[in-house]
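Colleague: Please pick one part of this model and take me through it closely. Start at its end, then work out to what surrounds it.

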Amino acid sequence: LKERALNSVKGSVVELDYRGNTPNQEIRDFYGNHHVDLFVMLSKVEGLPVSMMEAMSHGIPVLGTHVNGVPEIVSDKVNGRLLPVDFTPQQIDTVLTEILAQHDERTAWRKAARLMFEERFDATKNYTAFARELAQSGFHS
């Protein structure tokens, strides 16, 4: 499947990069040093994917499936796109073609992706806010 996907884009402007299990620091370094137009993860089963949050922390829009926690991260046509869980290859092709053709939307999606990360998933802000809430509630360990 990987070979078929790589062969399908030879000579095009698309570059596929299959990472697999990669250390977190290596991912952050890659995102910090390379322009990435779109993060694609088309899982049929997913929780709240940290890999999507990592991409969005670098302002990378996401293409994902409308499954479990993914819609909490990806707002369709705001910071990426959502496909149905039972998507077809034609739907993937259509959405990718649309995304590549919409430069202005992609620019807006990049900003929205980063903003979503900052507002909802930035651990430093979340931990501080959580600790403040605990202190205000009178919680003691």
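**One helix and its surroundings**

Modeller: Start with Gly 59, just after helix H3: it takes a positive phi of about 75°. Helices (H or I, at least four residues) and strands (E, at least two) are DSSP runs, numbered from the N terminus. This is a predicted model, in which local features need pLDDT of at least 70, side-chain atom pairs count only at pLDDT 80 or more, and totals for chains, interfaces and linings use all residues. Residues are numbered from 1 along each chain as its sequence is written, and side-chain values use heavy atoms, with hydrogens and water left out.

Now H3 itself, residues 50–57. Six of its eight residues are buried (under 20% relative accessible area; exposed is over 50%, partly exposed in between; 1.4 Å probe, protein chains only). They are Met 52, Met 53, Glu 54, Ala 55, Met 56 and Ser 57. Their cover includes helices H2 (24–33), H4 (70–73) and H6 (103–121), plus strands S1 (39–41) and S2 (62–65).

H3 also feeds the largest nonpolar core, giving it two or more residues, as do H2, S1, H4 and H6. Such a core is a set of buried Ala, Val, Leu, Ile, Met, Phe, Trp, Tyr and Cys residues joined through side-chain atoms within 4.5 Å. This one has 20 residues. Tyr 31, Phe 39, Met 52, Met 56, Ile 73 and Val 74 have the most contacts inside it. Apart from this core lies another, of seven residues, including Leu 63 and Trp 109.

Finally, Val 74. Leaving aside neighbours within four places in sequence, Val 74 is in contact (heavy atoms within 4.5 Å) with Met 52, Val 62, Asn 79, Gly 80, Arg 81 and Leu 82.
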